[in-house]
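Visitor: I'd like to learn how to read a ligand site. Can you walk me through this one?

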Amino acid sequence: MSTNSLPLFQKFKLPNGVEYEQPLGLFINGEFVAGKEGKTFEVLNPATGQNSGFVHEATAVDVDIAVDAAEKAFYEGPWSRITPADRGKLLLKLADLFEENLTVLASIEAFDNGKAIQLAKGDIGACVGCLRYYGGWADKIHGKVIDTASDSFTYTKQEAIGVCGQIIPWNFPLLMWAWKIGPAIACGNTVVLKTAEQTPLGGLYAASLCKEAGFPPGVINIISGFGRTAGSAIASHMKIHKVAFTGSTPVGRQIMKAAADSNLKKVTLELGGKSPNIVCEDADIEKAVEWINFGIYYNGGQCCCAGSRIYVQDTIYDKVVAAFKKRAEENVVGNPFDEKTFQGAQVSQAQYDRIMKYIDIGKQEGAVVETGGVRHGDEGWFIKPTIFSHVTEDMRIMQEEIFGPVCSIAKFHDIEDVVAKGNGTQYGLASAVHTKSISTAMEISSKLRAGTVWVNCYNSLHWALPFGGYGESGIGRELGKEALRNYTQVKTVNINLA
Ligand code: ADP
């Protein structure tokens, strides 16, 4: 489609009747604009596979324009003089606008990503919490006075870095938007954020809320585009001094290489996972089954922290497999806009194909499908909740991230055995243990090599709690006070008083 025929805004009516004005342009320097090369791309509805519309596409030239706007805002505009308290106020205002627009934002998310509306509402609630939390931090970021000698006075400052590039994935389009924007802006940076090509709609609507909140032009720039063009232009840009990426481990490696080959920009990466979810023989089995079900099928398994390797103590294995199979089959899969739906569509044909390919690989490797393993319905990209049993540690389905509603369940004998198995991949994002024994919980928690350990729960994320990976699951931590480190650099000022 040529740009000439694609407007910058379009009225959308979503399947649940929500009507709103969807921005389609790139949000650069406070305005929605067409891409310089005149390109656009198609957005598809995962629940039907049909066209949802088109958006304008950013290429490297638009990244340059957005970076220039962000750099100007950082060094020259009102943002360069804003007080920390006023930065906080703007973030609080943005949080309020997210809250006021919860229904429309959640509806866009369900439409664009295919996720269940009840989960999408939870995502937007978490965006509100995250933006508010970092609004609160804005005027509490400070350095130290460090005494080294009686005739010198030395202090440190936590300074903003400058223009930050942010590249986000499609599984939580708006939540990842908020996780990135919140701390970067609280610390006083300006940003150029690229949404994932599968899910550009929510980020653009959120951009219009940034404008409404009153952020000066150039402070927050939101662009739609592809990884190999706009994404790699961000990763290798000479005027971007920090890049934050959430996505797959292979792309994380490319981002790091691009940062190294360009200006050694600071890098934080939140990557893949193959998280173990451990059920000990003394666990409350009914509750543990709820959590293992939630741990893998939440968001259709499209979570970097999905509990995709389930280890059950051999004495209760058969009982847990039977209960889990029954529970998985009860999950309501289907129309994302049905309030009863728990599991919506997978995001794209490519993702659907990838998951089905892994289901085939599992079968070829000799694993047994306890339930699922097939498509759900006859349109869109739905897959039934799938459980593999009779797995061995070396199988690809036990080592590689599938990113879908597919898990493996295996036996363990004792703590030593399950710790070895739990730590048996190159990943280390999350993990969980279900037990009534505090000493078992603490022993396993301290021995698992993962950025998060949940005890008697799963997916219990909160904006105040640091989140990130060990090993090939990433570098740095998002959320909590920890995330402020990603977006500041320390300046030491040493004054000679002699
Ligand atoms: P997936 O494979 O699930 O789509 P990716 O890791 O490829 O996940 O994508 C996550 C984000 O990274 C998206 O915004 C995508 O456009 C972007 N991306 C993909 N490849 C690159 C790249 N080479 N450089 C920068 N960004 C990229």
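Guide: Sure. A residue is near a molecule if one of its heavy atoms lies within 4 Å of it. Here 19 residues surround the ligand, and Ile 168, Lys 194, Glu 197, Ser 248 and Gln 254 come nearest. Keep in mind that this is a predicted model, where local features need pLDDT of at least 70, side-chain atom pairs count only at pLDDT 80 or more, and totals for chains, interfaces and linings use all residues. Residues are numbered from 1 along each chain as its sequence is written, and side-chain values use heavy atoms, with hydrogens and water left out.

Visitor: What classes of residue make up the shell around the ligand?

Guide: Ala, Val, Leu, Ile, Met, Phe, Trp, Tyr, Cys and Pro count as nonpolar, Asp, Glu, Lys and Arg as charged, and the others, Gly among them, as polar. This shell has 8 nonpolar, 9 polar and 2 charged residues.

Visitor: Which atom of Ile 168 lies 2.7 Å from a ligand oxygen?

Guide: For a polar contact, look for a pair of N or O atoms within 3.5 Å. With Ile 168, a backbone N or O atom is the partner, 2.7 Å from an oxygen atom of the ligand. Ser 248 uses a polar side-chain atom, also at 2.7 Å from a ligand oxygen, and Trp 170 places a polar side-chain atom 3.1 Å from one.

Visitor: How much of the ligand does the protein bury?

Guide: Accessible areas come from the Shrake-Rupley method with a 1.4 Å probe. Alone, the ligand exposes 550 Å², and the protein buries 81% of that.

Note on methods
Polar contact = N/O pair within 3.5 Å; in protein donor to acceptor, adjacent residues only side chain to side chain.
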